[in-house]
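Got your viewer open? Let's walk through this one stop by stop, selecting a few side chains at a time.

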Amino acid sequence: MIISMKDIVKRYRALTALDHLSLNLHKGETLGLLGPNGAGKTTAIRVLTGLTNSDAGEIQVFGKKFSAASKRKIGVVPQDLAVYETLSAKENLEYFGRLYGVHGVELKRRSGEILDVLGLSDVAKKAPRKFSGGMKRRLNIGCAIMHRPELLILDEPTVGIDPQSRNHILDFVAEISRQGTTVLYTSHYMEEVERLCSRVCIMDAGQVIADGTVEEIAGKAIFEEVINLEVKEIGPSLPESIKKVQGVSRCEVSGGKLAVISRVGSGNIARILELAAPYTILRASAERATLEDAFLALTGKKLRDSGGEIA
């Protein structure tokens with residue numbers, strides 16, 4: 001067991017950010033921690049890494065109570081960039097490496113290795129203030145792994161970056177996971193969790209409300225299928241008619257596209273196509289419930305709700 005959090009409580013005056021949170025992470029796992037804004041993900045990480053004290057509960061890291069020795073085995077990539085804008089990329093890596101006790105030849109070798117792996121070798125002598133957001137994010141990750149941590153915690157590492165940098169980061173996380181590093185990964189992007197994580201925990205209101213593989217979590221959804229329908233010149237009466245079909249729980253409209261969610265055993269695709277028959281149907285398909293569907297079913301909220309993380 002790498003992480004064991006039992007009945008953790010954290011309050012900020014009237015706000016209970018963590019409400020008897022229990023969370024485990026085993027050696028070699030890549031755990032995706034999901035939750036809407038305010039669910040408590042960032043607070044959980046702050047408590048886990050000793051940045052914030054809990055009001056109640058017990059935490060063990062690497063089988064022992066959290067200590068300075070535990071910190072040296074952990075790498076943390078925070079939501080907010082933690083690099084020095086006036087130091088070069090290489091100087092940033094070496095600075096953080098020294099903080100973790102990496103020195104001499106190993107420090108030089110390790111910084112060069114990370115620059116190469118993260119695609120930053122060409123800008124090693126440049127300051128991050130001249131970097132794109134994606135390059136800064138990559139450097140941020142590099143600083144957190146200079147000491148080869150046994151546990152790597154990444155809190156929203158791909159927020160606001162370009163697709164190329166996102167893919168670079170995801171490939172890197174997948175590779176270090178394959179090499180045996182234990183990873184705790186929070187994200188607002190469901191596809192990232194599906195791509196990287198061997199296990200998923202969904203948090204809401206300071207508690208874990210679902211825990212399992214992607215397939216197990218998706219199986220908790222109350223939906224049988226998502227019916228996607230694209231119609232030419234859609235009229236307002238069609239969505240309203242579809243919503244009245246027995247077994248339909250939701251009908252979302254975007255332009256000429258409809259996404260209809262049906263409950264288990266409803267078999268509604270034929271009924272919906274019949275209702276849409278007076279219109280020109282451009283496309284129709286049915287899909288099994290996804291992790292996104294399960295998330296919405298369990299929390300009643302979309303993962304990418306607007307606003308900052310308040311808990």
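A term to have ready before you click: rings of Phe, Tyr and Trp (its six-membered ring) pair if their centres lie within 6.5 Å, with planes under 30 degrees apart counted as stacked, over 60 as edge-to-face and the rest as tilted. Ring pairs of this kind link Y84, Y95 and F96 into a cluster, and that cluster is our first real stop.

Some ground rules. This is a predicted model, where local features need pLDDT of at least 70, side-chain atom pairs count only at pLDDT 80 or more, and totals for chains, interfaces and linings use all residues. Residues are numbered from 1 along each chain as its sequence is written, and side-chain values use heavy atoms, with hydrogens and water left out.

**The whole chain**

Zoom out and show the cartoon. You should find 11 helices and 14 strands in the protein chain; helices (H or I, at least four residues) and strands (E, at least two) are DSSP runs, numbered from the N terminus. The C-alpha trace spans about 75 × 45 × 35 Å along its principal axes. Of the 311 residues, 49% are buried. Here buried means under 20% relative accessible area, exposed means over 50%, and partly exposed is in between (1.4 Å probe, protein chains only).

**Stop 1: the ring cluster**

The whole structure holds 3 aromatic pairs. Select Y84 and Y95: their rings sit edge-to-face, 5.3 Å centre to centre with 85 degrees between the planes. This pair links distant parts of the chain, as Y84 is in the loop between β6 (74-77) and α3, Y95 is in helix α3, and the two are 11 residues apart. Y84 is partly exposed because its relative accessible area is 39%, and Y95 also counts as partly exposed, at 32%.

Now add F96. Y95 and F96 make another edge-to-face pair, 5.4 Å centre to centre and 85 degrees between the planes. Is F96 buried or exposed? Its relative accessible area is 15%, so F96 is buried.

Keep Y84 and Y95 selected, drop F96 and add L99. Y84, Y95 and L99 make a nonpolar surface patch of about 300 Å². Patches are made of residues with over 30% relative accessible area and no salt bridge, where like charges are joined within 9 Å and nonpolar side chains (Val, Leu, Ile, Met, Phe, Trp, Tyr) within 5 Å. The areas come from the Shrake-Rupley method with a 1.4 Å probe; for residues, only the protein chains shown count as cover. To get your bearings, colour helix α3, which covers residues 89-99 and holds Y95.

**Stop 2: charges over rings**

Jump to K10 and Y12. K10 lies over the face of Y12, at 5.2 Å from the ring centre. A charge sits over a ring if NZ of Lys or CZ of Arg is within 6 Å of the ring centre and within 35 degrees of the ring normal. Then select R166 and Y189, where R166 lies over the ring face at 4.4 Å from its centre.

**Stop 3: salt bridges**

Side chains of opposite charge can pair when their charged atoms come close. How many salt bridges does a search of the whole structure find? It finds 17, each a side-chain nitrogen of Lys or Arg within 4 Å of a carboxyl oxygen of Asp or Glu.

Select E85 and K136, whose side chains meet in a salt bridge (3.4 Å, N to O). E85 lies in the loop between β6 and α3 and K136 in helix α5 (residues 133-144), so the pair ties together parts that are 51 residues apart in sequence. E85 is partly exposed, at 31%, while K136 counts as buried, at 15%.

Next, find R109 and E113, bridged at 3.2 Å, N to O. Both lie in helix α4 (residues 104-117), 4 residues apart, about one turn of the helix. Widen the selection to E106, R110 and R148 as well: with R109 and E113, they are linked in a network of salt bridges.

Over to E230 and R283, whose side chains meet at 3.7 Å, N to O, in a salt bridge. E230 is in strand β11 (residues 223-232) and R283 in strand β14 (residues 280-288), so this pair ties together parts 53 residues apart in sequence.

**Last stop: E192**

Finish at helix α7 (residues 190-196), where E192 is found. E192 counts as buried because its relative accessibility is 0%. Add T158 to see a polar contact between the two side chains, at 2.6 Å. Such a contact is a pair of N or O atoms within 3.5 Å; within protein, one must be able to donate a hydrogen and the other to accept it, and residues adjacent in sequence count only if both atoms are side-chain atoms.
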